[in-house]
Amino acid sequence: RSTLFPYTTLFRSGSWFVPVKITSDSMRYSQKNDLVVFSGAVHVIREDIELWSDTLTVLLEKSASSFPVNKQLVMDQQSSIKRIVAQGNVRIKADRDRSGTCGKATYEAKSDLLTLEGDPVLREGPNTIQGEVIKLYIEENRSEVIGGKKRVEAIFITPDNKPGGKR
């Protein structure tokens with residue numbers, strides 16, 4: 001599948017298993033809260049996508065098994081990703097000269113939605129788009145850029161078709 005800015009393939013938890021390497025200064029895991037927090041110079045590498053941030057928080061969602069034990073449902077050992085939040089100096093780099101920056105990137109697994117906030121800017125080659133909030137609907141292969149105090153700005157570099165223009 002190809003999308004304009006396919007960053008969330010970093011976060012997809014579909015049926016394909018690919019290695020993901022996360023490095024950081026520290027990591028905390030809370031089984032009680034189903035939460036993993038990577039802090040300090042976080043760097044994530046997965047196939048052709050990289051992400052950097054100050055922190056990366058992964059919220060997990062356990063699924064209950066179908067049989068009760070002692071009047072309680074037994075939780076499966078496997079957890080799925082519910083939400084991923086990258087905060088602070090977020091940078092994303094993907095193949096084909098695609099990149100992005102923002103203050104906060106939130107991926108919601110159920111809706112397959114990546115929301116970029118805090119001066120988000122997406123680049124593809126010389127083209128850029130920015131606004132207050134950028135929403136990438138991955139499954140639908142569409143995006144929405146929302147203005148507010150900061151208006152939406154898109155810069156697209158097109159070929160010069162004038163006679164004598166550079167080609």
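The protein chain contains zero helices and twelve strands, where helices (H or I, at least four residues) and strands (E, at least two) are DSSP runs numbered from the N terminus. This is a predicted model, in which local features need pLDDT of at least 70, side-chain atom pairs count only at pLDDT 80 or more, and totals for chains, interfaces and linings use all residues. Residues are numbered from 1 along each chain as its sequence is written, and side-chain values use heavy atoms, with hydrogens and water left out.

Of the 167 residues in the protein chain, 32% are buried (under 20% relative accessible area, 1.4 Å probe, protein chains only). The largest nonpolar core (buried Ala, Val, Leu, Ile, Met, Phe, Trp, Tyr and Cys residues joined through side-chain atoms within 4.5 Å) has 24 residues. Leu 51, Leu 56, Val 90, Ala 105 and Leu 116 have the most contacts inside this core. Among the elements that give two or more residues to the core are those tabulated here.

| Strand | Residues |
|---|---|
| β3 | 35-46 |
| β4 | 49-69 |
| β5 | 72-94 |
| β6 | 98-108 |

The largest share of the core, five residues, comes from β5. Leu 56 touches residues including Ile 22, Val 36, Phe 38 and Ile 84, with residues up to four places away in sequence not counted; contact means heavy atoms within 4.5 Å.

The mean pLDDT (the predictor's confidence in each residue, from 0 to 100) of the protein chain is 80, and 77% of its residues reach 70 or more. Over residues 1-13 the pLDDT is below 50. The pLDDT is also below 50 over residues 71-77. Where pLDDT is low, the predicted coordinates should not be read in detail.

Terms used: Buried < 20%, exposed > 50% of the residue type's maximum accessible area, 1.4 Å probe, protein only.
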